[in-house]
Amino acid sequence: MSYAGQHLDTVQMYAREAHCRVFLVDYRLSTKAPFPAAQDDSQSALEWVFDNSTQLQVDRKKLILSGDSAGGCLAASCTQMTLDRNAHRQEKINILAQFLIYPVTDCETKTKSAIQFTDTPLWTHDANKIMWDVYLHGSDYKNGIEGASIPEYSSPIHRADFSNLPPAYIEPTEFDPLRDEAYDYGQALEAAAVDVKIVEAKGAVHGYESVSYTHL
């Protein structure tokens, strides 16, 4: 089963068990369209759902943004972009919560876990660095260059002001290069008086919700 198929199964389960509508964004992948393509696609999808909520039978007061891994990065970035864009919208989009599963948040890849986990299943230090090089290809940012400019909304942890962002549930995984940056993002929100719940998946590796351990 492909990752796309597994994600579809997951969101269908969310829809059934939580009795809600789930919109899975088919955003452009960075291998063909680097940043900001996926960010733009995700933000456009969110605004389309909000603007067409009546026809879609969606309660626009109960919008939650969710994503795992790179999708977690997009979900977090969309909450930030939405807050900033609200200043120019006649109808403000209020996100009820952000639900981030082992999210990507930091392009600098300098945390202890980002450096430590070089041979973990599914995701490693090297894969993490390559991902960011591909995602930010074409931008001025180059990892490791002191003072390099990080494109706005590409790397959620580098936001200057985290206040007024929606509450967050964040689920880091124990054996994952992304573990510490997930904690860092949660702590940045907490420092700005945002309600945050962090629940680490002990004994788990990155992507554990999308694959069967019998195939590892």
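**Talking through a predicted fold**

From the N terminus, the elements of the protein chain in this predicted model come in the order α-α-α-β-α-β-α-α-β-β-α-β-β.

Biologist: How many helices and strands does the protein chain have?

Modeller: Just tally the letters in that run, α-α-α-β-α-β-α-α-β-β-α-β-β. The count for the protein chain is 7 helices and 6 strands.

Biologist: What radius of gyration does the globule rule give for 216 residues, and why call the chain as compact as a globular protein of that length?

Modeller: The rule is 2.2 Å times the number of residues to the power 0.38. The protein chain itself has a radius of gyration of 17 Å, close to the rule's value, so it is as compact as a globular protein of that length. For 216 residues the globule rule gives 17 Å.

Biologist: What share of the contacts with a separation of 6 or more comes from residues 24 or more positions apart?

Modeller: Heavy atoms within 4.5 Å make a contact here. Of the contacts in the protein chain with a separation of 6 or more, residues 24 or more positions apart account for 74%.

Biologist: Okay, the sheet. Which strands are at its edges?

Modeller: It's an open sheet of 4 strands with parallel pairing, ordered β1-β2-β3-β5. An edge strand pairs on one side only, and that fits β1 (63-68) and β5 (196-198). On average, neighbouring strands are turned by 10 degrees against each other, direction ignored. So the edges, as the pairing on one side only tells you, are β1 and β5.

Biologist: Which residue in β2 is the bridge partner of Ser-66?

Modeller: β1 and β2 (residues 95-101) run parallel, joined by 6 bridges. Follow Ser-66 across into β2 and you land on Phe-99.

Biologist: Which helix lies across β1 and β2?

Modeller: Look at residues 70-85, which run at about 145 degrees to β1. That's helix α4.

Biologist: What span should helix α2 have, at 1.5 Å a residue?

Modeller: Helix α2 (residues 37-51) has 15 residues, and the expected span uses one less than that number. Its end C-alpha atoms are 21 Å apart, which agrees with the expected 21 Å.

Biologist: And what covers the buried residues of α2?

Modeller: Buried here means under 20% relative accessible area. The buried residues of α2 include Ala-38, Ser-42, Leu-46, Val-49 and Phe-50. Among the elements covering the buried residues of α2 are α3 (53-56), β1, α4, β2 and α6 (125-135).

Methods
Residues numbered from 1 in each chain as written. Predicted model: local features only at pLDDT ≥ 70, side-chain atom pairs only at ≥ 80, totals over all residues. Heavy atoms only, no water. Pairing = 2+ DSSP bridges. Helix = DSSP H or I, 4+ residues; strand = E, 2+ residues; numbered from the N terminus. Axes fitted to C-alpha atoms, helices over the stretch in contact; angles between N-to-C directions. Buried < 20%, exposed > 50% of the residue type's maximum accessible area, 1.4 Å probe, protein only.
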